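Here is a small set of exercises to work through with the model open beside you. Try each task before you read its solution.

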2 protein chains.
Amino acid sequence: MTIKISIDCMGGDHGPSVTIPAAISFLKQEPEAELVLVGIEEVLRAELKKHHADSNPRLSVLAASEVVAMDDPVEVALRRKKDSSMRVAIDAVKDGRAHACVSAGNTGALMAVSRYVLKTLANVDRPAICTMMPNEKGTPTYMLDLGANVDCEPHHLHQFAIMGSVLFSAMEGVKRPTIGLLNVGTEEIKGTELVKATASLLRADHERGLLNFYGYVEGNDIFKGTTNVVVCDGFVGNVTLKAVEGVAHFFKSAFKENLLSMLGGLLAYGSLKKLNPKSYNGASLLGLKGLVFKSHGGADAFSFEWAIRRAFDAAKYNVQEQLSALIAELMPHDSEVPGSTIKQGG
Amino acid sequence: MTIKISIDCMGGDHGPSVTIPAAISFLKQEPEAELVLVGIEEVLRAELKKHHADSNPRLSVLAASEVVAMDDPVEVALRRKKDSSMRVAIDAVKDGRAHACVSAGNTGALMAVSRYVLKTLANVDRPAICTMMPNEKGTPTYMLDLGANVDCEPHHLHQFAIMGSVLFSAMEGVKRPTIGLLNVGTEEIKGTELVKATASLLRADHERGLLNFYGYVEGNDIFKGTTNVVVCDGFVGNVTLKAVEGVAHFFKSAFKENLLSMLGGLLAYGSLKKLNPKSYNGASLLGLKGLVFKSHGGADAFSFEWAIRRAFDAAKYNVQEQLSALIAELMPHDSEVPGSTIKQGG
């Protein structure tokens, strides 16, 4: 079966000079793939020609006349640039011309446009952003939400847990991934009211055999790999991710790129050669009626290719169908009952 | 003037084998200091003898018959071990036998016992834990709260900002330290309701010339050194700190200790030799009627000595008096008006 991925080729810090070589390289690795390259037509054709790829039958160009800048406010992306490469790439998913979409464009705009075009899945109140972090076990830790939702209720975190579980299961081939709830300690009495109420919902699911809830985890557990999935609200997730990236930036003179590159540098020194850090590019926008993946804005071609790979795998493993089915099964009522914390007692 | 510091010599992972050599070394550096060593008397005397320091007139031993273990619940430390080295060291501050106290014991117990013995400062609702992080500018970033308060109201964060500002000013000799409020973005519309309401309080103080409020900062700004002080609730602070430490632990095989040691290792590779990472030991318990400093539990003697130095400097620079005075000046009403967010409009 052929899997089609639409690529916002204009997004990110480097645009077509990164996205086009990544697309060409990906196709060489993946015979089942077809890529729809979205952007300013003449720019894309010129870049393709440069790489002698202008007649590749598995690469097509879809014209878009505008580009969402990295610092464009969400409103501009949403209301004023209706023919942006980002928008057209997402439209392709909605129209069935692509199975999934990839963009390195600005996160806020990508989430807003995706939500507007694709709409939210039934039973999901709010989409979330899920990223992968490397851990000591050499497996990825999936972490969500990374900033789409700053003020959360327990039923939102509950939905994030379910979506994270489904994504991990489908992408990593693990039947019942372990779910950790980020907290300031592991004892039951620890934490905010939000965290405690969420834990009750997750424990109830665990008891019914629906979710594999491990319990509370702490900040360091993300990198220990204590659980497959770590759930938190978007405020905590965003601050944590940026703080970790900040430590990396602190050492930019020694290790010149982002966190993952730093990890790469360190891995080269140390004995932990279990993973290739650049392969951790590609965050999922989860909970939409369609698959959208976000690449790091500063990604190079090698790293952007991994974001395409993530989108391709998600389409190949039917993540969308599994998400819809399992969300409906696991939480048929949550979106109808905002006060879903009433389930706590059960 | 002689400054007396009481030291909980039994606390931390290593106890007297770390705390006693640190104390002896500190005295050699600091002629104005006297140290009160608190713990099991025969153990301390034996350790002193080992280091030929049993007749140093500036070292005295204060006997305590119990020890708070690193995993003792708060209740045990508070109610069942009333003659613990931790408790007796804090009692010494209350009784005026010491100007400040240092412990490497468990944080929850140290906060609870300090609060019980010393009480909270007038106008302060909740004490906070303030730590120093290294940054690219080669200066420290003070960050609070680090976990004492997980569910916060705007007036709590407001008080943390004031306490952080006073501490930074006194300890670092900076007149009007810049205050950043941790958020998911720097635009005014970003953030949780808590963060937005806190920003209103801080902006009002800024306009009245009372606080130097910079505005919102993000996770990476901690390590950039964008502001002198970074304010957040204890949940976010705790998770962030542990995540950053978790990245360090991830590389333990290459860099065998905690975050700061890792930073040390990296600094040795890179060109950023602006600071000595182990000197970043010693978190302040702020907002009590007395000075209490918390060392990292795993600190070695060199690092523990820095925590003693922090306590000594805080006493020398009259941090306690400055805190009391400025808190009373800056927020005369906050503790009386829990809904202090009514100031927002002002």
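**Exercise 1. A strand in the middle of its neighbours**

Task: Find which residue stands opposite A:Ser103, then describe the pairing of strand 4 of chain A.

Solution. Step one: the residue opposite A:Ser103 is A:Lys294, in strand 11 of chain A. Before going further, note that this is a predicted model, in which local features need pLDDT of at least 70 and side-chain atom pairs count only at pLDDT 80 or more, while totals for chains, interfaces and linings use all residues. Residues are numbered from 1 along each chain as its sequence is written, chains are lettered from A and ligands numbered from 1 in the order in which they are written, and side-chain values use heavy atoms, with hydrogens and water left out.

Step two: strand 4 and strand 11 (residues 291–294) of chain A pair in the parallel sense, over 4 bridges. Helices (H or I, at least four residues) and strands (E, at least two) are DSSP runs, numbered from the N terminus, and two strands pair if DSSP finds at least two bridges between them.

Step three: strand 4 of chain A also pairs with strand 1 (residues 3–8) of chain A, again parallel and over 4 bridges. Here A:Ile5 faces A:Ala100.

Step four: look at the side chains of strand 4 (residues 100–103) of chain A. A:Ala100 and A:Val102 point one way, A:Cys101 and A:Ser103 the other, and all are buried. Buried means under 20% relative accessible area, exposed over 50%, and partly exposed in between (1.4 Å probe, protein chains only). In a regular strand the side chains alternate between the two faces of the sheet.

**Exercise 2. The sheet of chain B**

Task: Give the strand order of the open sheet in chain B and locate its edge strands.

Solution. Step one: the 11 strands follow the order 3-2-1-4-11-10-5-6-9-7-8, with mixed pairing. Step two: strand 3 (59–63) and strand 8 (212–217) of chain B are the edges, each pairing on one side only. The twist averages 25° from one strand to the next.

Step three: go to the strand 8 edge. Strand 7 (residues 178–182) of chain B runs parallel to strand 8 of chain B and is joined to it by 5 bridges; B:Thr178 stands opposite B:Asn212 there.

Step four: go to the strand 3 edge. Helix 2 (residues 41–50) of chain B lies across strand 2 (33–39) and strand 3 of chain B, at about 160° to strand 3 of chain B. Axes are lines fitted to C-alpha atoms, for helices over the stretch in contact, and angles run from 0 to 180 degrees between N-to-C directions.

**Exercise 3. Two helices that cross**

Task: Describe how helix 6 and helix 7 of chain B cross.

Solution. Step one: the axes of helix 6 (residues 154–172) and helix 7 (residues 193–207) of chain B come within 8 Å and cross at roughly 45°. Step two: the two helices are therefore oblique to each other, since angles under 35 degrees count as roughly parallel, over 145 as roughly antiparallel, 65 to 115 as roughly perpendicular and the rest as oblique.

Step three: the residues that meet include B:Leu157 and B:Ala161 in helix 6 of chain B, and B:Leu194 and B:Leu201 in helix 7 of chain B. Contact means heavy atoms within 4.5 Å.

**Exercise 4. Buried or partly exposed?**

Task: Are A:Glu30 and A:Thr139 buried or partly exposed, and what do they touch?

Solution. Step one: A:Glu30 is in the loop between helix 1 (16–29) and strand 2 (33–39) of chain A. With a relative accessible area of 8%, A:Glu30 is buried. Not counting residues up to four places away in sequence, A:Glu30 touches A:Arg58, A:Arg309 and A:Phe312. A polar contact of 3.0 Å joins its side chain to that of A:Arg309; such a contact is a pair of N or O atoms within 3.5 Å, where within protein one must be able to donate a hydrogen and the other to accept it, and residues adjacent in sequence count only if both atoms are side-chain atoms.

Step two: A:Thr139 sits in the loop between strand 5 (128–134) and strand 6 (140–144) of chain A. At 34% relative accessible area, A:Thr139 is partly exposed. Leaving out residues up to four places away in sequence, A:Thr139 touches A:Met133, A:Pro134 and A:Tyr280.
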